[in-house]
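Please consider how the structural terms applied to the following model are justified. Each answer sets a value against its definition.

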Amino acid sequence: MIRAGRQHLVRTLADLAAQRGVGIDRYNRLKPYEAEGFPAPVSSAGSRPRLYDGEQVDAYLLGKPVPPLPEPEAEHDGDLLDRRECAALLGVSPRTWDVYKNDPALTEPRIEAGGVEHWPRHAVKTFQAGRPGREASATAGGRPLHTGDQVPRDQLPALVEELLDADPAVSAATVTAQLGVHRDTAQDALTRLRADRIADHIAAHPTLTPAEAAAQLGYPAGQVRRATARAEVALRARHVAPYLADVAAALHRAGWTTAEAAPDVQFPGDDRVVAALVLDGDQAPAPALVWDERYGWRTAASRRHPITKGAVPPSEGGGVRYLAGGITPAPGGVVTALTTPDA
């Protein structure tokens, strides 16, 4: 589990490989994490994505005593549990948890850490206290089974915005009932819209924290955990937008894009900023270019799907190459790196 207050310290194997200055494939071949004394993963036993506590790893690499984490018996309501740990807490199988997790009481507090879904212990306990029976859980979506959303996706944001304007505390259940969409669809739309508004409010009042901005906008604290987290990412995206636009302009001047288009910015998992630039010029050195706020620039092998899913970035090879120069090299440096095989 990820102990309360330590989410920001979570590192994936890809993060550890980058810290060592090698690719993930080489890092997995070396397996330094199997050395005696290397900190144990904070992910549950049997979990494929390995997650580590960054403070422990840094201490180990510096030859210092590895600080201990609280014992498993020392439960804290803010601990973050993955699907196996949630299932164990409820006394059910992980597959059963995969059904339960779609309940509205669990979709809102769900977060991603290291690309892995987690839930606060207190949210799982609250769900356990009012766990629905088999019949209730089968229809938890709030609409008839085997039916699609009743509102086209391109119209949904405007309709949800009207509901949010009328009632800042509107719930996903209300959106579901009034618009005839699935609860997950309603929750995602509310999260995105609230996050954008929180970011706008902070831009106008820079001294506010996301939680303070949400409170001033009238959003109930229990409904906006994901929205406040996404707002922080949105603010980072806005901060880096001028730099990405400068790189897009440099690529256009090099003749590698037919239009000086703004990068397609995405927030995978609501916890990081990733942007993609399609290189559609005849002489372009790669199909697309991807910028990740953790790793900088890399080439992509696909124009249609340049941004891969998951927290672990793709390994080099097959059209993927990481460019030297740090996280935000000068636009001219990006152009040079693309034309220099070893850069």
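Q: Why are helix 9 and helix 11 called roughly perpendicular to each other?
A: In this predicted model, the axes of helix 9 (residues 156-166) and helix 11 (residues 183-204) come within 10 Å and cross at roughly 70°. Axes are lines fitted to C-alpha atoms, for helices over the stretch in contact, and angles between N-to-C directions run from 0 to 180 degrees. Angles of 65 to 115 degrees count as roughly perpendicular (under 35 roughly parallel, over 145 roughly antiparallel, the rest oblique). Helix 9 and helix 11 are therefore roughly perpendicular.

Q: Which residues make the contact of helix 9 with helix 11?
A: Contact means heavy atoms within 4.5 Å. Helix 9 contributes Leu156, Pro157, Val160, Glu161, Leu164 and Asp165, and helix 11 contributes Thr185, Ala189, Leu190, Leu193, Arg194 and Arg197.

Q: What makes strand 3 and strand 4 edge strands?
A: Two strands pair if DSSP finds at least two bridges between them. The open sheet of three strands has the order 3-5-4, with antiparallel pairing. Strand 3 (80-81) and strand 4 (111-113) each pair on one side only, and are thus the edge strands.

Q: How do you know that strand 4 and strand 5 pair?
A: Three bridges join strand 4 and strand 5 (residues 116-120) in the antiparallel sense, and the criterion is at least two. Glu112 stands opposite Glu117 in strand 5.

Q: On what basis are these elements numbered and assessed?
A: Helices (H or I, at least four residues) and strands (E, at least two) are DSSP runs, numbered from the N terminus. Residues are numbered from 1 along each chain as its sequence is written. Local features need pLDDT of at least 70, side-chain atom pairs count only at pLDDT 80 or more, totals for chains, interfaces and linings use all residues, and side-chain values use heavy atoms, with hydrogens and water left out.
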